[in-house]
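Student: I would like a close look at one part of this protein. Please take me through the salt bridges, and then show me the spaces that the chain encloses.

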Amino acid sequence: MKRFTALILTFTILFGIFSTACGVDDRRRNRREEEEQEEEETTRRRSFDEPLEPRHDFSDVDVSMEFDDFRADYSGTPWVLENNIPFTSGNIYEYFNQFLYNSSTREEIPTTVYNNLATIYRPNVRHYPAEQDGYTIYEVSYVEYFPTRIALPVSSGYNTSWYYHGVGFIDYYTGTIYPKIEMSSDIDSFCVSGDVSYNGDTYTVYYYEYRDQDILVNETTQDSDGNDVWEFEVTETETCYFVVPNDYDGIVMFVYTADDTYRTWDEIEAMNNPFFTPPSVFGESGENIEDYTFLSISELG
């Protein structure tokens, strides 16, 4: 079963605040142009203006876990070359699943979802010295944009949930998927740490991740046929920190980009828990390379 990150939001529909479809489309187009310009400017400011230190407090995470000692086996040829991994450097599109449900019974309410595609913008990468001698912090920050549009039945007071695949990281040389805690609706940060043995040496490494949310749009409109549509646009800013040995340059991001929006409400609800996934080699749990998009972090910064 592919891993999901869960995001659950609650919204009560209030009717009588409709806008025309044309006006909404114009505002959305202008808003997206402004957001893209702001994101480019933010990336430039982060690259040149911010001090070389973490933006988050490493002592403040929702969940922490230590993984068992792990030995990374290297064949002498990087895993990405053995498997002809293609890298991209631009934006990535990812599918997500959205549902309406009854807040009291948590039963799904059948409806129509008009959009199920999110955008992950090109990550911003920084690296700077860690407090530990001989270690570097790689900071990887990216924004994911969710433009949800869902039809509303004739009544009010619904909850909505949407679920998306969390971005993962893999080692360039060995194909090892980094251990992590899969976020749920209950947590927005974590830390995993442990000892990794590689080429006869042992290193203690840390992986922190923080999720922040911004609501851009929250409105009820009507489409050209007069149907009520709830529009909720959100960005998630994910900031990941990797505390690794100074000479390490093997961080690769990977994103599940196949369409599996056929999944049912009950199936995805069962995934809404913050569970730990230990390190493993890509493919051992049934991962198919063609279902993923890969980015080399060392090439981005």
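Tutor: What follows starts with the whole chain, moves to the charged pairs and ends with the cavity and the pocket.

Keep in mind that this is a predicted model. The protein has four helices and 19 strands. It has 301 residues, and 49% of them count as buried. The accessible surface comes to about 14500 Å². Carbon and sulfur atoms hold 45% of that surface. Now look at contacts between residues at least 6 apart in sequence. Of these, 81% join residues at least 24 apart.

Now the charged pairs. Side chains of opposite charge can pair when their charged atoms come close. How many salt bridges does the model have? The count comes to eight.

Take Arg126 and Glu139. Their side chains meet in a salt bridge, with 2.9 Å from N to O. This pair links distant parts of the chain. Arg126 sits in strand β7, residues 124-129. Glu139 sits in strand β8, residues 135-151. The two are 13 residues apart. Are these partners buried or exposed? Arg126 counts as buried because its relative accessibility is 5%, under the 20% limit. Glu139 is buried too, with a relative accessible area of 0%.

Next, find Arg263 and Glu267. Their side chains also form a salt bridge, at 2.4 Å from N to O. Arg263 has 9% relative accessibility, so it counts as buried. Glu267 has 26%, so it counts as partly exposed. Elsewhere, bridges that share partners build a network. It joins Arg55, Arg126 and Glu139.

Then turn to Asp73 and Arg71. Their side chains meet in a salt bridge of 2.9 Å, N to O. Arg71 is exposed, because its relative accessible area is 60% and the limit for exposed is over 50%.

One more charged residue deserves a stop. Glu299 lies in helix α4, residues 297-300. Glu299 is exposed, with a relative accessible area of 59%. Along the chain, Glu299 and Phe87 are 212 residues apart. Their C-alpha atoms are separated by 9.8 Å.

Now the enclosed space. There is one cavity of 30 Å³ or more. The largest cavity has a volume of about 100 Å³. Its lining has 14 residues. Which of them lie nearest its centre? They are Thr5, Gly166, Val167, Glu209 and Glu238. Strands β8 and β12 (180-181) each supply at least two residues of this lining. Strand β8 is also where Glu139 sits. By class, the cavity lining divides into six nonpolar, three polar and five charged residues.

Last comes the open space. The largest pocket has a volume of about 560 Å³. It is lined by 26 residues. Nearest its centre lie Asp171, Tyr178, Val196, Val205 and Tyr248. Four elements give two or more residues to this lining: β11 (176-177), β13 (189-198), β14 (201-222) and β15 (228-245). Which element gives the largest share? It is β14, with five residues. The pocket lining has 19 nonpolar, three polar and four charged residues.

Conventions. Residues are numbered from 1 along each chain as its sequence is written. This is a predicted model: local features need pLDDT of at least 70, side-chain atom pairs count only at pLDDT 80 or more; totals for chains, interfaces and linings use all residues. Side-chain values use heavy atoms; hydrogens and water are left out. A salt bridge is a side-chain nitrogen of Lys or Arg within 4 Å of a carboxyl oxygen of Asp or Glu. Buried means under 20% relative accessible area, exposed over 50%, partly exposed in between (1.4 Å probe, protein chains only). Contact means heavy atoms within 4.5 Å. Accessible areas come from the Shrake-Rupley method with a 1.4 Å probe; for residues, only the protein chains shown count as cover. On a 1 Å grid over the protein atoms alone, a cavity is a set of points where a 1.4 Å probe fits but cannot get out, and a pocket is an open set with protein on both sides within 12 Å along at least five of seven lines; lining residues have an atom within 4 Å of a point. Grid points are joined across faces, edges and corners, and a volume is the space filled by probe spheres set on the points. Ala, Val, Leu, Ile, Met, Phe, Trp, Tyr, Cys and Pro count as nonpolar, Asp, Glu, Lys and Arg as charged, and the others, Gly among them, as polar.
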